[in-house]
Every structure is written in structure tokens, then in C-alpha cells.
Amino acid sequence: MIEVKDLVKRFGETEAVSHVSFSVGQGEIVGFLGPNGAGKSTTLRVLTGFLPPTSGEVFVGGRAASDDGKEARKLIGYLPENNPLYDDLRVREYLHFRAALKGVPRKKRLEQVENALKVCEVTDVADRIIGTCSKGYRQRVGLADVLLGNPPVLILDEPTVGLDPAQIVHTRNLIKTLSMDHTVVLSTHILPEVEAICSRVLIIHEGKLLFDGPVAELKKGLTGAGHLLCALQGDREAAQACLLGVPGVETAAYLESQADVHRFQVTARPGEDLRAAIFKACAEKGLPLLELTAKHVSLEEAFLSITTSEIQQQGTQSEEEKP
């Protein structure tokens with residue numbers, strides 16, 4: 001449904017998006033993740049036709065955004081970060097106005113507006129002036145607007161920013177519901193948002209795409225089974241020496257002891273699974289192994305690892321370029 005090829009967007013001498021390429025298939029819900037200023041919103045504005053690319057190609061539903069922009073935009077429902085609404089209009093009145101702007105035939109407007117009100121659960125405020133609605137309801141009105149015209153692709157830029165916890169949960173559930181009938185690209189800098197909603201993540205940092213794959217693959221790729229919690233029975237020093245003696249183990253940090261059972265956190269090289277080797281080594285040393293579990297890594301840890309690595313690489317390159 002979306003294909004981006006070598007996208008570049010510059011503002012003067014500043015390169016906000018640098019040679020980004022990715023694709024999104026039909027029915028996917030993809031998280032577009034990155035810190036503030038990473039280039040997320042700029043990329044989405046190019047996708048939706050609000051900004052022209054400096055170079056590269058964007059296709060939506062097989063249509064080139066540069067050559068057939070009007071038809072490509074018809075396939076997209078876009079909720080920008082600031083969610084611009086007309087505060088002096090009533091909710092239902094505003095949605096009818098937006099449906100007309102989007103070219104929804106007059107005979108279908110009532111049905112589409114009422115359906116959007118129902119799906120986004122704003123029917124109870126349909127006759128209220130938008131300016132008097134809460135932040136949560138205003139966000140839902142924006143989502144209802146996105147659905148008008150029944151676009152197959154929904155692009156949502158920071159849809160839960162500024163909401164309270166209850167409103168965030170409601171909006172997340174609504175997005176999950178919408179993803180059953182639409183392809184969704186969700187831009188956010190809130191990491192739990194991605195874990196809660198998305199099956200795949202794109203990480204952008206300083207305009208560069210650093211990762212493209214499933215959330216689970218992101219964690220696995222960074223850590224594998226390289227972070228393990230082990231509990232051994234017997235002498236503490238012998239247990240630690242046994243773990244450190246396993247090829248591939250980098251550290252075996254002591255955590256705690258209960259009687260003669262000692263717990264360690266074992267770190268191995270990323271991507272290595274040492275569980276079988278650890279089990280064998282403990283058996284050979286006569287040390288009962290009571291626990292051997294992979295330590296779960298949070299998306300926050302994975303994200304920081306990948307972005308920090310990029311910053312360090314840039315710093316190294318800068319040092320190498322010095323005379």
C-alpha cells in the first residue's frame with residue numbers, strides 16, 4: 001500500500017530525511033518510531049502530499065505521489081500531530097463539512113458521517129460545539145474525520161499526545177479496531193505505544209532509517225539470548241567460575257544468594273544463545289542448575305541501544321575525518 005524509495009527531504013542545507021526506503025503492506029499496522037526532531041513528521045508530510053520530496057519516490061496504492069498526487073491522497077486518511085479542528089462548529093456539522101471537502105457524494109455523506117461518529121464513539125457529543133469538547137473527544141473527532149471517504153491507508157501522527165492515561169488506552173483500542181479494515185502507519189515517540197498497538201516498527205533517527213522489522217525481532221536482534229538469569233546451587237565462587245568458563249560468556253554478575261543457591265546475570269555476545277552450553281558446563285562441574293531464563297529486554301532498552309550505537313558511530317567517523 002505504501003512504498004518509499006530513497007526519500008530525501010532538505011530544508012536549505014539541513015537534510016531532515018536522508019535516503020529513507022521502506023514499504024508497508026496491506027493490513028499492516030506499523031509504528032514509526034523516533035525521538036522528537038528525528039524526521040518522522042517530515043516523512044509523513046511527504047507521504048501525504050503536504051510536502052514535495054527533494055528527491056526519491058513515494059507510491060501509495062501503486063500511484064506515484066509526485067505524478068498522480070490527487071489520486072494518491074484520496075487513498076490516505078491523515079491525522080496530523082496538531083489535529084486542526086474548527087472550534088466554532090458542532091461535531092456533526094464539522095464532519096459533514098469535511099466529507100464535502102473530501103468529495104464524498106451527497107447521498108453517502110450522512111451514512112459515512114454517522115458511521116464515523118459511531119466507530120469513534122463520539123455520537124454522544126455529535127451536537128456539541130467542538131471548542132467545548134475535551135482533548136480526548138477532540139482527538140476522536142479527528143479520527144472520525146480521517147475515516148471519511150473510507151481511505152484504505154490511515155497515517156496518524158502522534159495520535160495520543162497530550163491525552164490522559166484513560167484517553168490513551170481508549171485511543172489505542174480504537175486504532176486497533178481501525179487496523180482491521182485499514183493499513184495504519186502510526187508515528188510516535190512513546191515507546192509503549194508501539195508495543196501495545198504495532199506488529200512492526202520503523203526506527204528513524206536524525207533523518208536516517210535505522211531499523212525496519214517486527215518489534216520482537218528488534219529485541220531479539222539486539223540481545224538474542226545473550227542476557228540470562230542463572231541460579232546455581234553449591235559454592236558461589238565455583239558457580240561464578242563455571243559460568244565465566246563457558247565460551248562466549250562475557251560477564252557473570254553476582255545478584256543474590258539464598259542459602260547455597262546463587263543467582264547471576266550472564267551477558268554474552270549479542271545474538272548468541274548459550275543456554276545449552278551453560279547447562280552442559282554446570283552438569284560437568286556437578287553444580288545443580290535451578291534457573292536458566294532469558295532476561296526480557298524492554299523496547300526502551302532496544303531503542304536506546306540502537307540510537308546510541310548510531311551516535312557513537314557518527315562520533316567515530318567524525319574523529320577519523322579530522323586531519
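## Notes on cavities, pockets and salt bridges

1. A search of the whole structure, which is a predicted model, finds one cavity of 30 Å³ or more. The volume of the largest cavity is about 30 Å³. Its lining consists of Leu-47, Thr-48, Gly-49, Ala-65, Gly-69, Ala-72, Arg-73 and Ile-76. Sorted by class, that lining holds four nonpolar, three polar and one charged residues. Helix H2 (residues 69–74) gives the most to this lining, with three residues.

2. Next come the pockets, and you may want to start with the largest pocket, which has a volume of about 810 Å³. Its lining has 31 residues, and the closest to the pocket centre are Arg-73, Ile-76, Tyr-78, Arg-98 and Lys-102. H2, strand E6 (76–79), H3 and helix H5 (135–147) are the elements that give two or more residues to the lining. By class, the lining of the largest pocket divides into 15 nonpolar, eight polar and eight charged residues. Two names should look familiar here: Arg-73 and Ile-76 also line the largest cavity.

3. The second largest pocket holds about 270 Å³ of space. Among its 14 lining residues, Asn-115, Val-119, Leu-147, Asn-150 and His-182 lie nearest the centre. Helix H4 (106–119) and helix H6 (165–178) each supply at least two residues of this lining, and H4 gives the most, with five residues. The classes here are seven nonpolar, five polar and two charged.

4. On to the charged pairs: the structure holds 13 salt bridges. One of them joins Glu-28 to Arg-200, with the closest N and O atoms 2.9 Å apart. This pair links distant parts of the chain, 172 residues apart: Glu-28 is in the loop between strand E2 (14–24) and strand E3 (29–33), and Arg-200 is in strand E9 (residues 200–205). Is each partner buried or partly exposed? Glu-28 is partly exposed, because its relative accessible area is 23%, whereas Arg-200 counts as buried because its relative accessibility is 11%.

5. A more local pair sits in H2, where Lys-74 forms a salt bridge with Glu-71 and the closest N and O atoms are 3.2 Å apart. Lys-74 and Glu-71 are three residues apart in helix H2, so about one helical turn separates them. Glu-71 is partly exposed, with a relative accessible area of 28%.

6. The side chains of Glu-256 and Arg-263 also meet in a salt bridge, at 3.4 Å from N to O. Glu-256 counts as partly exposed at 36% relative accessibility, and Arg-263 counts as partly exposed at 22%. Elsewhere, salt bridges that share partners join Glu-28, Arg-200 and Asp-212 into one network.

7. Turning to the surface, Tyr-86, Phe-97 and Leu-101 make a nonpolar patch of about 310 Å². Phe-97 has its place in helix H3 (residues 91–101). With a relative accessible area of 32%, Phe-97 is partly exposed. Why can Phe-97 be part of a patch? Patches are made of residues with over 30% relative accessible area and no salt bridge, and Phe-97 is at 32%.

8. A last aromatic residue to look at is Phe-279, in helix H10 (residues 275–285). Phe-279 counts as exposed, because its relative accessibility is 53%. Phe-279 and Leu-289 are 10 residues apart in sequence, and their C-alpha atoms are 7.1 Å apart in space.

Conventions
Residues are numbered from 1 along each chain as its sequence is written. This is a predicted model: local features need pLDDT of at least 70, side-chain atom pairs count only at pLDDT 80 or more; totals for chains, interfaces and linings use all residues. Side-chain values use heavy atoms; hydrogens and water are left out. Patches are made of residues with over 30% relative accessible area and no salt bridge: like charges are joined within 9 Å, nonpolar side chains (Val, Leu, Ile, Met, Phe, Trp, Tyr) within 5 Å. Accessible areas come from the Shrake-Rupley method with a 1.4 Å probe; for residues, only the protein chains shown count as cover. A salt bridge is a side-chain nitrogen of Lys or Arg within 4 Å of a carboxyl oxygen of Asp or Glu. Helices (H or I, at least four residues) and strands (E, at least two) are DSSP runs, numbered from the N terminus. Buried means under 20% relative accessible area, exposed over 50%, partly exposed in between (1.4 Å probe, protein chains only). On a 1 Å grid over the protein atoms alone, a cavity is a set of points where a 1.4 Å probe fits but cannot get out, and a pocket is an open set with protein on both sides within 12 Å along at least five of seven lines; lining residues have an atom within 4 Å of a point. Grid points are joined across faces, edges and corners, and a volume is the space filled by probe spheres set on the points. Ala, Val, Leu, Ile, Met, Phe, Trp, Tyr, Cys and Pro count as nonpolar, Asp, Glu, Lys and Arg as charged, and the others, Gly among them, as polar.
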